[in-house]
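This report describes selected local features of one protein chain, moving from its surface to its interior and then to its backbone.

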Amino acid sequence: MTKIRTRIAPSPTGDPHVGTAYIALFNTVFAKSQGGEFILRIEDTDQVRSTPESEQAILDSLKWLGLNWSEGPDIGGPFGPYRQSDRKDIYQRYSLQLLEQKHAFHCFCSSERLDTLREAQRLAGDDIGYDGHCRHLSETDVAAKLAAGESHVVRMVVPEEGTCIIKDLLRGDVEIEWQQVDMQVLMKSDGLPTYHLASVVDDHLMEISHIMRGEEWISSTPKQLALYQYFGWQPPIYAHLPLLRNTDKSKLSKRKNPTSITYYREMGILPEVLVNFLGMMGWTMPNGEEIFSLDAMVQAFDINRMSLGGPVFDLDKLNWLNGKYIREHHTPAQLLQRLVDWKFNETFATQLMPLVQARADTLADIAPLLMFFFQGNPAISEASFADLKTENEELMQLLQWVLWKLEARQDWTKAGIFADIKAVAEQREQKLKDVNAPLFIAITGSAASVSVMDAMALLGPDMTRGRLRHAIGVLGGLGKKKLKSLERQYQQLNKTGGQ
């Protein structure tokens, strides 16, 4: 019998997402319940957006949750390297094989031509996809273009007719017509693979037996099955899990719900609670227990108990569960230790003392100044911003502008944050003090407190961004239409150098 080997393959391009933890949990539990192995691989072929900081945050967050892997970039293993940027030669070899076997072709189309094509297809109401323009170039033409150094990608050939049947462990047979499948880019112009080629090659070479991932990948599966066929490899077994949903049933997104694992850690959610909560997403224990450990889930796991209904990521339910753990699963001494491990420790307190030392006359003055560091979202309302004499709409636009700036920041330092806030003030033609005023309220809950730049630096990116989103919501929220218009304005200014 083939040994069960599952994997999680996150891209290090942002905050560690609870969706990543959700998929990692079910891959872990399924593999361990079958005596198998769970692998972690980093898919960092997006060299523009991938960062070492994001990769480390992913590793740290999954370890904090107790979702440990037996092979990965940090610990190695027999099928390494486990970081795709370290495997470029492997992908180029397999790309060349596909070209030689006529399962792929060189595409020299410019981005301008592709943009024009997509716009024409959109206006005509056609499916968006590559039209095969370069597929039938002669070998002589291709050789001449390559010799001239023309920029190009490698695209895969897909069948022009018929139906691809995906055998899904959870959904049965899923049928997708080949006409709906695009001629996917396999190797980019920078010589790096796209997800589709890299994942197929890696999953085969790393002997992955089962791929458990979100249902948003179903439409891409035919491309990967075609590659398995072209290489003559046995494909793994697929299981596409239901997507996490907001309470309104829309796809979980940071606009409506905090999505960063780090955010929940900073909020004081216990790691075993978040694991328990995610375990309830689309799966139930045999006797319907709502409180269970990771080990108990492994022991009881049966993939047939998974539901395909959209599991709701309900913050009220998460907080209720966390409260039960605090009250029913800790002695007072254990709870004290959890507080110390969280934030009530010398390392964190030492960073706070310089912020309050010049502002305090008595020791009793210190706690109120620092209280917001130990809160979730500050207790603010529309009235909190009333003294600023600025319309809510303008305040929301300003806070959203700052949020977009800080979402793009990778090195989270006071100097970097200050540079972003200053840039926002200049772009919006406002005084720095007028930008800082609502920030004080959004971040600290007060119009006057310790330095808001210092506060953001110490709170970290997840809590800072979370509080900005909370403040925008408190002020009424920006609707989709307004948000889109504001985003166009923001992108235009940043594109033209107004940074």
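A residue is called exposed when its relative accessible area is over 50%, buried when that area is under 20%, and partly exposed in between. The model to which these classes are applied here is a predicted one.

**Surface patches**

With a relative accessibility of 52%, Arg 488 lies above the 50% limit and therefore counts as exposed. Arg 488 sits in helix α20, which covers residues 480-495, and it belongs to a positive surface patch whose other members are Arg 255, Lys 480 and Lys 484.

A second patch is nonpolar in character: Ile 326, Leu 335, Leu 336, Leu 339 and Phe 344 form it on the surface, and together they present about 410 Å² of accessible area. Helix α12, residues 332-342, supplies the largest share of this nonpolar patch, namely three residues. Leu 336 is located in α12, and because its relative accessibility is 53%, it counts as exposed.

**A helix in the interior**

Which helix is largely enclosed by the rest of the structure? Helix α7, residues 221-231, fits that description, because ten of its eleven residues are buried. The buried residues include the aromatic side chains of Tyr 228, Tyr 230 and Phe 231, and also Thr 221, Pro 222, Lys 223, Gln 224, Leu 225, Ala 226 and Leu 227. After α7 comes Gly 232, which has a positive phi near 75 degrees.

**Loop residues**

The following table places three residues that lie in loops and gives the relative accessible area of each.

| Residue | Loop | Relative accessible area |
|---|---|---|
| Asn 257 | between β9 (237-241) and α8 (261-266) | 7%, buried |
| Leu 388 | between α14 (366-370) and α15 (392-407) | 25%, partly exposed |
| Glu 429 | between α16 (414-427) and α17 (432-444) | 76%, exposed |

Asn 257 is buried, since its relative accessible area of 7% falls under the 20% limit, and its side chain makes a polar contact of 3.2 Å with the side chain of Asn 246. Lys 249 is also found in the loop between β9 and α8, but with a relative accessible area of 51% Lys 249 is exposed, whereas Asn 257 is buried.

Leu 388, for its part, is partly exposed at 25%. The C-alpha atom of Leu 388 is separated by 50 Å from that of Arg 113, a residue 275 positions away along the chain.

**Backbone geometry**

What is the sign of phi at Lys 249, which is not a glycine? The phi of Lys 249 is positive, at about 75 degrees. Glu 429 is not a glycine either, and it has a positive phi of about 55 degrees. Glu 429 is located in the loop between α16 and α17, where its relative accessible area of 76% makes it an exposed residue.

A further backbone feature concerns the peptide bond that joins Gly 80 and Pro 81, which is cis, with omega at about 0 degrees. Pro 81 itself lies in the loop between α2, residues 52-64, and α3, residues 88-100.

Definitions and conventions: Residues numbered from 1 in each chain as written. Predicted model: local features only at pLDDT ≥ 70, side-chain atom pairs only at ≥ 80, totals over all residues. Heavy atoms only, no water. Patch = residues over 30% accessible without salt bridge, like charges linked within 9 Å, V, L, I, M, F, W, Y side chains within 5 Å. Areas by Shrake-Rupley, 256 points an atom, 1.4 Å probe, with all protein chains shown as cover. Salt bridge = Lys/Arg side-chain N within 4 Å of Asp/Glu carboxyl O. Lys, Arg positive; Asp, Glu negative; His and termini not counted. Charge placed at Lys NZ, Arg CZ, Asp CG, Glu CD. Helix = DSSP H or I, 4+ residues; strand = E, 2+ residues; numbered from the N terminus. Buried < 20%, exposed > 50% of the residue type's maximum accessible area, 1.4 Å probe, protein only. Polar contact = N/O pair within 3.5 Å; in protein donor to acceptor, adjacent residues only side chain to side chain.
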